[in-house]
Amino acid sequence: MEDTRDLTEHTPRPERKRRDSFGMFDGYDSCSEDSSSSSSSEDSEEEVPSIPASLPIIKNNGQVYTYPDGKAGMATCEMCGMVGVRDAFYSKTKRFCSVSCSRSYSSNSKKASILARLQGKPPTKKAKVLQKQPLMAKLAAYAQYQANQQNQAKSKTVVPVEGFDWGHYISSNNLVGAPVSCFKHVPMGTCWGDVAEGVRIEVPNTDCSVQTKVYWIASIIKLAGFKALLRYEGFDEDSSRDFWCNLCVPEIHPVGWCASSGKPLVPPKSIQHKCTNWKFFLVTRLTGAKTLPPDFSAKVQESLQYPFKKLMRVEVVDKTHLCRTRVALVEQVIGGRLRLVYEESEDGTDDFWCHMYSPLIHCIGWSRSIGHRFKRSDVSKKLEGQVDASSHLFLKVKDVDQSGDWFKEGMKLEAIDPLNLSAICVATVRKVLADGYLMIGIDGSEAADGSDWFCYHATSPSIFPVGFCEINEIELTPPRGYTKLPFKWFDYLRETASVAAPVKLFNKEVPNHGFRTGMKLEAVDLMEPRLVCVATVTRIVHRLLRIHFDGWEDEYDQWVDCESPDLYPVGWCQLTGYQLQPPAAQTTREVTTNVTKQKKKTQQYKGQKKKRKIPVGRRPVSLSRVPLAGMMRRSFSGDEELTPPLYPSHPAQAAAPGPTPPPTTSGELSPSLKSASVAQQIVATCKRK
């Protein structure tokens with residue numbers, strides 16, 4: 001920084017005409033009290049330092065150029081986004097950095113889709129240039145303006161939005177967030193490649209006391225999902241002013257947005273004294289730098305649109321009888337997650353949460369088409385506005401050939417238990433349906449009527465051939481009551497007179513998913529699917545991820561596929577308005593409940609086991625509210641319902657239960673989620689560390 005200042009001070013300053021296509025310094029003038037005296041004239045002149053001989057080289061797209069004397073205006077390639085000196089660009093219009101970019105632009109017909117670039121629009125020969133004041137005069141006026149606003153700024157109070165502070169959590173523990181490109185189902189998941197460390201963007205300048213919103217250039221220091229650690233340009237190695245921000249919020253823009261939108265660019269007051277020519281400083285810093293695509297914000301908004309609408313009818317798994325489906329209505333859509341209310345629910349309390357790409361939901365008529373059990377609705381009158389969701393909105397499965405050597409009833413395999421996702425269990429094919437679907441039962445814990453059989457597609461990543469767990473050193477959960485331990489498949493197949501499903505029938509595709517052990521993310525607690533929690537990838541087995549919920553014991557981990565629509569990058573909840581559940585604090589995990597110990601599904605069925613210790617802020621809500629009489633039944637709540645578990649509740653909540661409260665979109669926890677842990681949540685994103 002000092003080198004730049006010294007060069008400008010010891011260099012002759014001849015007056016010359018200059019058109020600044022970059023336009024970044026014009027915004028700085030607008031923050032001065034004397035800026036109104038500036039006049040627009042084609043003959044206006046300013047003092048501009050000539051480019052010193054010590055900085056003669058610019059590398060741009062592999063080619064080397066020298067600074068043109070007195071013409072250091074900046075431009076951005078309309079094809080690749082490369083920032084460079086305008087006169088070094090290709091063609092008379094200086095729209096492209098190279099011949100290849102010019103040809104690619106024409107061949108791809110991007111003229112209609114590419115929006116305003118770095119300088120807004122390329123300047124014409126008749127472009128007018130503002131007559132600018134000497135730098136010191138502008139700085140003095142700006143400093144005076146800051147002093148006048150200081151008292152007003154101090155008197156203002158900021159009301160923070162409650163929420164989990166991912167930035168503080170990641171920085172204080174030196175954590176790594178899974179990149180957005182790992183999640184193809186989330187907004188921007190398929191077009192995040194342009195975002196990387198070192199990319200420059202324009203962000204609000206919070207190191208400023210003026211009332212008007214001003215901006216400055218910042219660079220991405222670290223990425224964690226949608227969140228980025230940013231540093232204002234000019235702070236160099238000084239990290240004292242670094243801050244975290246969600247890159248998909250409306251306040252984030254590519255470099256050049258301020259110029260095209262007429263917004264002021266003002267350097268942070270902490271470093272204003274370090275440089276005497278901020279325009280020249282930014283020219284040198286941004287040469288060859290990358291920025292966000294100009295249509296980045298438009299893509300974000302487009303990706304936040306979802307095809308499912310309220311009152312659409314779908315078929316969804318019956319949470320009280322997993323072996324069948326029921327008709328449900330879309331009641332709410334948040335970030336692609338659907339709150340479905342079963343059609344027969346009169347008061348709207350019988351609901352179920354899942355993602356629109358979940359394998360648990362299907363179009364109307366799906367059950368009949370494959371031979372799946374279906375509970376017919378007694379509702380004869382449809383609500384106004386109801387419409388069956390189109391079949392093209394649902395997750396598509398691969399076509400399979402069921403002729404010849406195929407799954408048969410009684411074949412053995414290994415499967416993730418849908419009622420205890422921390423366990424991979426011994427399982428059996430109970431029924432073969434059409435289109436490659438199978439009904440799977442967990443050995444040793446099936447209901448007598450098969451009401452907890454679960455439907456998996458043959459290509460599902462949640463079923464495995466016999467021996468999968470042993471080969472990958474995963475603990476296999478044996479059938480309940482099986483005493484010959486350790487469990488051996490050879491002995492079990494012989495004792496049960498059964499055969500293993502052929503290995504060739506299983507899905508062996510392993511995508512290059514990009515997940516690594518220790519990465520942070522936001523994950524649905526599939527035993528309480530309305531909750532999205534802070535989580536960690538603790539193990540990776542091919543395409544299978546072991547998800548640990550931060551602050552909870554390992555026994556509540558869940559095996560999830562790498563392409564599961566129930567996994568999200570850091571910052572997804574903030575972007576979509578979904579409520580994120582923070583890690584359970586140590587104090588809340590010590591809360592116990594005075595209830596009779598019940599058998600609970602864990603990695604192994606070891607008889608009596610104490611109930612999960614529940615903090616009030618993350619109390620499970622049983623997804624199967626009505627127990628069946630005269631039989632033991634399992635449900636998505638994870639409990640065997642001999643008697644409903646008694647969880648502690650607030651006095652105000654002792655009345656009859658209402659509908660399952662959805663995650664709120666305002667940042668305030670819903671009534672059933674308020675607890676002592678809320679007070680430990682930190683101010684939301686974009687607040688400075």
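Begin by selecting Glu 202 and His 253 in this predicted model, where Glu 202 stands opposite His 253 in strand E14. Widen the selection to strand E10 (residues 200–204) and E14, and you will find the two paired in the antiparallel sense over two bridges.

Next, show the sheet to which these strands belong: five strands form an open sheet in the order E13-E12-E11-E10-E14, with antiparallel pairing. Its edge strands are E13 (243–246) and E14 (253–254), each of which pairs on one side only.

Now add the helices that pack on this sheet. Helix H5 (residues 166–173) touches strand E11 (215–224), strand E12 (227–232) and E13, and the direction of H5 makes about 135 degrees with that of E13. Helix H7 (residues 278–286) also packs on the sheet, touching E10 and E11, and the direction of H7 makes about 30 degrees with that of E11.

Then move on to strand E16 (residues 321–334), where eleven of the 14 residues are buried, so that E16 is largely enclosed by the rest of the structure. Select strand E15 (residues 312–318) beside E16, since the two pair in the antiparallel sense over six bridges and are joined by a hairpin through two residues; here Asp 318 stands opposite His 321 in E16.

Strand E17 (residues 337–342) likewise pairs with E16 in the antiparallel sense over six bridges, and the bridge partner of Gln 332 is Arg 339 in E17. In the hairpin that E16 and E17 form, with two residues between them, pick out Gly 335 in the turn, which has a positive phi of about 60 degrees.

Finish at strand E20 (residues 373–374), which pairs with E16 in the parallel sense over two bridges, and select Phe 374 in E20, the bridge partner of Thr 325.

Conventions
Residues numbered from 1 in each chain as written. Predicted model: local features only at pLDDT ≥ 70, side-chain atom pairs only at ≥ 80, totals over all residues. Heavy atoms only, no water. Buried < 20%, exposed > 50% of the residue type's maximum accessible area, 1.4 Å probe, protein only. Helix = DSSP H or I, 4+ residues; strand = E, 2+ residues; numbered from the N terminus. Pairing = 2+ DSSP bridges. Contact = heavy atoms within 4.5 Å. Axes fitted to C-alpha atoms, helices over the stretch in contact; angles between N-to-C directions.
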